[in-house]
Amino acid sequence: MLLPHLKGRIPFGTVVNQTALSANHVKTKFGFRRAATDHFEALAAGESAAVLIATRHHMHAPLVQAALLVNRHVFVEKPLCLTRAELAEID
């Protein structure tokens, strides 16, 4: 839902998806530079200052924390997290 609205407005670095087939499909369709199946690969690349997190809700908090640990700006679709404990860790 988000990518069609962002295409051509911001540069796309690495797309991460569960399978290589899906990641490569999104890479080709929207013009990402790279495709990966491991979010650590995208965060380690250091190619961008920001990440967009649009995964299943239970993955939001861990991915936000991982991105913040490597000093990335984060846009995460709602909800930010599922528990008060996750919110405290993010804070």
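**Figure 1. Strand β3 and the lining of the largest pocket.** β3 supplies the largest share of the lining of the largest pocket, at 4 residues. Strands here are DSSP runs of E with at least two residues, helices are runs of H or I with at least four, and both are numbered from the N terminus. This is a predicted model, where local features need pLDDT of at least 70 and side-chain atom pairs count only at pLDDT 80 or more, while totals for chains, interfaces and linings use all residues. Residues are numbered from 1 along each chain as its sequence is written, and side-chain values use heavy atoms, with hydrogens and water left out.

**Figure 2. The largest pocket as a whole.** Its volume comes out at about 1,300 Å³. The elements giving two or more residues to the lining are α1 (3-6), β1 (14-16), α3 (39-45), β3 (50-53) and α4 (60-69). A pocket is an open set of points on a 1 Å grid over the protein atoms alone, where a 1.4 Å probe fits, with protein on both sides within 12 Å along at least five of seven lines; lining residues have an atom within 4 Å of a point. Grid points are joined across faces, edges and corners, and the volume is the space filled by probe spheres set on the points. In total 38 residues line the largest pocket, and Val16, Leu52, Ile53, Ala54 and Thr55 lie nearest its centre. By class, the lining has 23 nonpolar, 9 polar and 6 charged residues. For that split, Ala, Val, Leu, Ile, Met, Phe, Trp, Tyr, Cys and Pro go down as nonpolar, Asp, Glu, Lys and Arg as charged, and the others, Gly among them, as polar.

**Figure 3. Val16, one of the residues nearest the pocket centre.** Val16 sits in strand β1. It counts as partly exposed because its relative accessibility is 33%; the cut-offs are under 20% relative accessible area for buried, over 50% for exposed, and partly exposed in between (1.4 Å probe, protein chains only). If you want a distance to check, the C-alpha atoms of Val16 and Leu80 are 19 Å apart, with the two positions 64 residues apart along the chain.

**Figure 4. A nonpolar surface patch with Leu52 in it.** Leu2, Leu52 and Phe75 together make a patch of about 260 Å². Patches take residues with over 30% relative accessible area and no salt bridge, joining like charges within 9 Å and nonpolar side chains (Val, Leu, Ile, Met, Phe, Trp, Tyr) within 5 Å. The areas come from the Shrake-Rupley method with a 1.4 Å probe, and for residues only the protein chains shown count as cover. Leu52 belongs to strand β3 and, at 38% relative accessibility, is partly exposed.

**Figure 5. The Arg34 and Glu41 salt bridge.** The closest N and O atoms of this pair are 2.7 Å apart. The rule asks for a side-chain nitrogen of Lys or Arg within 4 Å of a carboxyl oxygen of Asp or Glu, and the count by this rule comes to 1 salt bridge. Side chains of opposite charge can pair when their charged atoms come close. Arg34 is partly exposed at 28% relative accessibility, and Glu41 is partly exposed too, with a relative accessible area of 37%.

**Figure 6. Helix α4 and the loops on either side of it.** Buried residues in α4 are His60, Ala61, Leu63, Val64, Ala66 and Ala67. Leu63 has 11% relative accessibility, so it counts as buried. Its C-alpha is 9.9 Å from that of Leu43, 20 residues away along the chain. His57 lies in the loop between β3 and α4 and is partly exposed, with a relative accessible area of 41%. Asn71 lies in the loop between α4 and β4. Its phi is positive, about 60°, although it is not a glycine. Asn71 is exposed, with a relative accessible area of 68%.

**Figure 7. A cis peptide bond ahead of Pro79.** The bond from Lys78 to Pro79 is cis, with omega near 0°. Pro79 is in the loop between β4 (73-76) and α5 (84-90).

**Figure 8. Phe32 in a loop.** Phe32 lies between α2 (20-30) and β2 (34-36). Its relative accessibility is 12%, so Phe32 counts as buried. The C-alpha atoms of Phe32 and His5 are separated by 14 Å, the two residues being 27 apart along the chain.
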